[in-house]
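Student: I would like to learn how to read a model of this kind step by step, beginning with the fold and ending with the side chains. Could we work through one together?

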Amino acid sequence: MERLYFTWEEGPAVIESYDDGRDGFFIAENESDWSLATPKQFADFLLDGSKMSKEEFESKFGVIGADLPELPDVT
């Protein structure tokens, strides 16, 4: 599994890669939990979002599973 980190629409977003595909997740403004990205939103992470290193992401948004909720298990 690979995880890519982004800032998108001023909030945190990630792409999780699995053996059988990929999913994108984001936390929308005024929300406190992850939402599953639609295919259009997923593409927008790559087009309009800014890719970040894990360290940059955690510095800006916090650690997933500590400061941010755990990602949903969709496998």
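Tutor: Helices and strands are DSSP runs, numbered from the N terminus, a helix needing at least four residues and a strand at least two. Please keep in mind that this is a predicted model. Read in that way from the N terminus on, the elements of the protein chain run β-β-β-β-α-β-α, which gives two helices and five strands.

Student: In what order do the five strands stand in the sheet?

Tutor: The sheet is open, its order is 4-3-2-1-5, and the pairing is antiparallel. Strand 4 and strand 5 (50–52) stand at the edges with a single partner strand each, so one side of each is left without a neighbour in the sheet.

Student: How many bridges join strand 2 to strand 3, and how many join strand 3 to strand 4?

Tutor: Two strands pair if DSSP finds at least two bridges between them. Strand 2 (residues 11–18) and strand 3 (residues 21–26) run antiparallel and are joined by six bridges; these two strands form a hairpin, with two residues between them. Strand 3 and strand 4 (residues 35–36), also antiparallel, are joined by two bridges.

Student: Which residues stand opposite one another along strand 3?

Tutor: Phe 26 can be followed in both directions, for this residue of strand 3 is the bridge partner of Ala 13 and also stands opposite Ser 35 in strand 4. Phe 25, in turn, stands opposite Leu 36 in strand 4.

Student: How do the helices lie on the sheet?

Tutor: Helix 1 lies across strand 1 (2–8), strand 2, strand 3, strand 4 and strand 5, and runs at about 75° to strand 3. Helix 2 packs on the sheet as well, where it touches strand 1, strand 2 and strand 5, with a direction that makes about 45° with that of strand 1.

Student: How should I read a pair of aromatic rings, and how many such pairs does the structure hold?

Tutor: In general, a pair of aromatic rings is described by the distance of the centres and the angle of the planes. The structure holds seven aromatic pairs. In one of them, the ring centres of Phe 26 and Phe 45 are 6.4 Å apart and the planes stand at 75°, so the pair is edge-to-face. This pair links distant parts of the chain, since Phe 26 belongs to strand 3 and Phe 45 to helix 1 (residues 39–48), 19 residues apart. Both Phe 26 and Phe 45 are buried, and together with Phe 6, Trp 8 and Phe 42 they form one aromatic cluster.

Student: What geometry do Phe 57 and Phe 61 show, and are they buried or exposed?

Tutor: Phe 57 and Phe 61 form a tilted pair, with 5.2 Å centre to centre and 55° between the planes. Both lie in helix 2 (residues 54–61), four residues apart, about one turn of the helix. Buried means under 20% relative accessible area; Phe 57 counts as buried because its relative accessibility is 0%, and Phe 61, at 17%, therefore counts as buried too.

Student: What do the values for the whole chain say?

Tutor: A compact globule with 75 residues would have a radius of gyration near 11 Å, and the protein chain agrees, because its own value is 11 Å. Of these 75 residues, 39% count as buried. Among contacts with a separation of 6 or more, 45% are made by residues 24 or more positions apart.

Technical notes: Residues are numbered from 1 along each chain as its sequence is written. This is a predicted model: local features need pLDDT of at least 70, side-chain atom pairs count only at pLDDT 80 or more; totals for chains, interfaces and linings use all residues. Side-chain values use heavy atoms; hydrogens and water are left out. Rings of Phe, Tyr and Trp (its six-membered ring) pair if their centres lie within 6.5 Å; planes under 30 degrees apart count as stacked, over 60 as edge-to-face and the rest as tilted. Buried means under 20% relative accessible area, exposed over 50%, partly exposed in between (1.4 Å probe, protein chains only). The radius of gyration is taken over C-alpha atoms; the globule rule is 2.2 Å times the number of residues to the power 0.38. Contact means heavy atoms within 4.5 Å. Axes are lines fitted to C-alpha atoms, for helices over the stretch in contact, and angles run from 0 to 180 degrees between N-to-C directions.
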